[in-house]
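Here are a few short exercises to work through with the model open beside you. Try each task before you read its solution.

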Amino acid sequence: IMPKKFEDFNNPRKKALAGMKQSISAELWDKNLNFLNQLRAKIAKHPVSHHPAIETLNNGEINKENLKRIHLEYRHAIVQTFTDALLMAQYQTKQLEPRLHAGAKMFPRCLLSLNIFDEFGFRPGTDKDGYYQGNPEYAHYPLFEDVLDDFGVTENERLSYQPTEIAHQVREFLENSYKDYKAVSALLAVAEEEVILYSPPLRKATSTVGIAVEGGGYYHVHGVSEDETAEAADDDHEEDLWFILMQACTEEDYTYLENLCLEYCDLWEKFWDIQIESSKSILKQNLA
């Protein structure tokens, strides 16, 4: 068998998207596209997308100690489990096989791999030996741990920290979706939107309390691809997850998926309610 030409490996995202679109009927693709556009519009109007926490963080109104606590909460709610969810989604693409043609699961697996590579510390391009370019120490989870180091959080503090009930609920809501490919993919798309909305304010708040956020750390790799001050692609990852759902869902899933995503948004809204309320309460106690 002759090897494929090298140019066949260009534009993996476009090839994966095209393969997914071709794996279902044009009629279903258009219906799913319309449904998901409407769902995304509802998410954009949800209170969590315009939460006062965004302005509070941007204005530097939270002191270093409270911001440290928020980071521990955020760590429990999403940072520790995000790659678990991505890997579960990749595994559960097998649920496509009874309905779609053999091999149809490989198109979304390719897209999820791009997200996973990013999370695990890989970079586009090749190293000096012509191999994949990456470093596990640049994976997003350890980079977040580096932020906690900068806040002065000890290993014992991390192990003994007791998260709030709402942080538990946010975490468990995603974890409970792991067995359902459509559900975990939908919640990951919402989670990416939350990362896009809240990473820049958290970055600014962290910088305001005197912690460096430039030069390749966690906040340097979170945000949107158009941000010239960061090296991030969360918007691309979010788009890919919605495209994954366009291939995966049918009309029977619409109500369930909409309710699921909006309930997750409700939990994130409560999460930020609690973070801001707790910060203001602690500040008042310290001033008393």
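## Exercise 1: a pair of charges

Glu-97 has a relative accessibility of 37% and therefore counts as partly exposed (buried means under 20% relative accessible area, exposed over 50%, partly exposed in between, with a 1.4 Å probe and protein chains only). Before going on, note that this is a predicted model, in which local features need pLDDT of at least 70 and side-chain atom pairs count only at pLDDT 80 or more, while totals for chains, interfaces and linings use all residues. Residues are numbered from 1 along each chain as its sequence is written, and side-chain values use heavy atoms, with hydrogens and water left out.

Task: find the side chain that meets Glu-97 in a salt bridge.

Step 1. Apply the rule: a salt bridge is a side-chain nitrogen of Lys or Arg within 4 Å of a carboxyl oxygen of Asp or Glu.
Step 2. The partner is Lys-105, at 3.2 Å from N to O.
Step 3. Lys-105, at 17% relative accessibility, counts as buried.

## Exercise 2: links to helix α11

Task: work out which parts of the chain are tied together by the salt bridge of Arg-13, then do the same for Arg-40.

Step 1. Arg-13 pairs with Asp-236, and their closest N and O atoms are 3.8 Å apart.
Step 2. Arg-13 belongs to helix α1 (residues 12-22) and Asp-236 to helix α11 (residues 234-248), so this pair ties together parts 223 residues apart in sequence. Helices here are DSSP runs of H or I with at least four residues, strands are runs of E with at least two, and both are numbered from the N terminus.
Step 3. Arg-40 pairs with Glu-239, with 2.7 Å between the closest N and O atoms.
Step 4. Because Arg-40 sits in helix α2 (residues 26-45) and Glu-239 in α11, the pair ties together parts 199 residues apart in sequence.
Step 5. Check accessibility: Arg-40 is partly exposed at 24%, and Glu-239 is partly exposed at 29%.

## Exercise 3: a hairpin

Task: describe how β1 and β2 pair.

Step 1. Strand β1 (residues 122-126) and strand β2 (residues 132-134) run antiparallel, over three bridges; strands pair if DSSP finds at least two bridges between them.
Step 2. Opposite Phe-122 stands Gly-134 in β2.
Step 3. Five residues lie between the strands of this hairpin, and Gly-130 in the turn has a positive phi of about 75°.
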